[in-house]
Amino acid sequence: MPKLSAGLLLYRVVDGDVEVLIGHPGGPFWARRDDGAWSIPKGEYTEGEDPWTVAQREFVEEVGKPPPEGPRIELAPVKQPSGKVITAFAIRGDLDITGAVSNTFEMEWPKGSGRIREFPEIDRVGWFSVEQARSKLLKGQRPLLDQLLAALEAGEPGGSRSR
């Protein structure tokens, strides 16, 4: 059975352009990577858990702020190159990301040193146009952008026909 992950793709429309909120992973493995490294706020869950509840919880943990309320767009699950399946939801809202802070994780670093260090799961978040986000996001999450744009074109609740 593949690992399951749920996430939230927050979006807003600024001057007719769709922007999305994504995060850069913390820790030493991602420190020098930018393009192709960012992710939607998300986290793993187990069979039987509600993906919507998990997506909201993970957003709070990784951004440090609750997601805006409003109609959600359920995006089709996407399978990652690792085999993990991401269930994502899009919500329209303009969140002030000033002071955003993520939860942390611990790992031995440098490897083999015996030192346990703490790192943020997400070291920064930012608003990006869909075009910018397409180059920033991990390759396996880019189809979520296409799904979001298609839903907005179709006039989904909470959406806009603007790109």
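## Contacts, salt bridges and pocket in a predicted model

Ile22 is in contact with Trp38, Ser39, Ile40, Arg124, Val125, Gly126, Phe128, Ala133, Lys136 and Leu137, once its neighbours within four places in sequence are left aside. The structure is a predicted model.

**Nonpolar cores**

Ile22 is also among the residues with the most contacts inside the largest nonpolar core, together with Leu9, Tyr11, Val20, Ile40, Ile73 and Leu148. That core has 23 residues. At least two of its residues come from each of strand S1 (4–14), S2, strand S6 (85–92), H2 and helix H3 (142–153). The biggest contribution is that of H3, with six residues. Another core lies apart from this one. It has 18 residues, including Leu4, Tyr45, Phe59 and Val63.

**Salt bridges**

Side chains of opposite charge can pair when their charged atoms come close. Over the whole structure, 11 salt bridges are found. Three of them are listed here, each with its N to O distance.

| Salt bridge | N to O distance |
|---|---|
| Asp35 and Lys136 | 3.7 Å |
| Glu58 and Arg57 | 3.3 Å |
| Arg124 and Asp123 | 3.3 Å |

What does the salt bridge between Asp35 and Lys136 tie together? Asp35 is in the loop between strand S2 (17–25) and strand S3 (42–45), while Lys136 belongs to helix H2 (residues 130–136), so the pair links parts that are 101 residues apart in sequence. Lys136 is buried, because its relative accessible area of 15% is under the 20% limit. As noted above, Lys136 is also one of the contacts of Ile22.

In the pair of Glu58 and Arg57, is Glu58 buried or exposed? Glu58 is buried, at a relative accessible area of 7%, whereas Arg57 is partly exposed, at 33%.

Both members of the third pair count as partly exposed: Arg124 has a relative accessibility of 37%, and Asp123 has one of 35%. These two residues do not stand alone, since Asp34, Asp35, Asp123, Arg124 and Lys136 are joined into one network by salt bridges that share partners. Two members of that network, Arg124 and Lys136, appear among the contacts of Ile22.

**The largest pocket**

The volume of the largest pocket is about 380 Å³. Its lining consists of 20 residues, and those closest to the centre of the pocket are Pro25, Trp30, Lys42, Glu62 and Glu121. By residue class, the lining holds 10 nonpolar, five polar and five charged residues.

Which element supplies the largest share of the lining? The answer is S3, with three residues. S3 and strand S7 (104–108) are elements that each supply at least two residues of the lining.

**Ser129**

Ser129 is placed in strand S9 (residues 122–129). With a relative accessibility of 21%, Ser129 counts as partly exposed, because the buried class takes in values under 20%. Not counting residues up to four places away in sequence, Ser129 touches Val18 and Glu19. How far apart in space are Ser129 and Glu108? Their C-alpha atoms are 36 Å apart, with a separation in sequence of 21 residues.

Key. Residues are numbered from 1 along each chain as its sequence is written. This is a predicted model: local features need pLDDT of at least 70, side-chain atom pairs count only at pLDDT 80 or more; totals for chains, interfaces and linings use all residues. Side-chain values use heavy atoms; hydrogens and water are left out. A salt bridge is a side-chain nitrogen of Lys or Arg within 4 Å of a carboxyl oxygen of Asp or Glu. Helices (H or I, at least four residues) and strands (E, at least two) are DSSP runs, numbered from the N terminus. Buried means under 20% relative accessible area, exposed over 50%, partly exposed in between (1.4 Å probe, protein chains only). A nonpolar core is a set of buried Ala, Val, Leu, Ile, Met, Phe, Trp, Tyr and Cys residues joined through side-chain atoms within 4.5 Å. Contact means heavy atoms within 4.5 Å. On a 1 Å grid over the protein atoms alone, a cavity is a set of points where a 1.4 Å probe fits but cannot get out, and a pocket is an open set with protein on both sides within 12 Å along at least five of seven lines; lining residues have an atom within 4 Å of a point. Grid points are joined across faces, edges and corners, and a volume is the space filled by probe spheres set on the points. Ala, Val, Leu, Ile, Met, Phe, Trp, Tyr, Cys and Pro count as nonpolar, Asp, Glu, Lys and Arg as charged, and the others, Gly among them, as polar.
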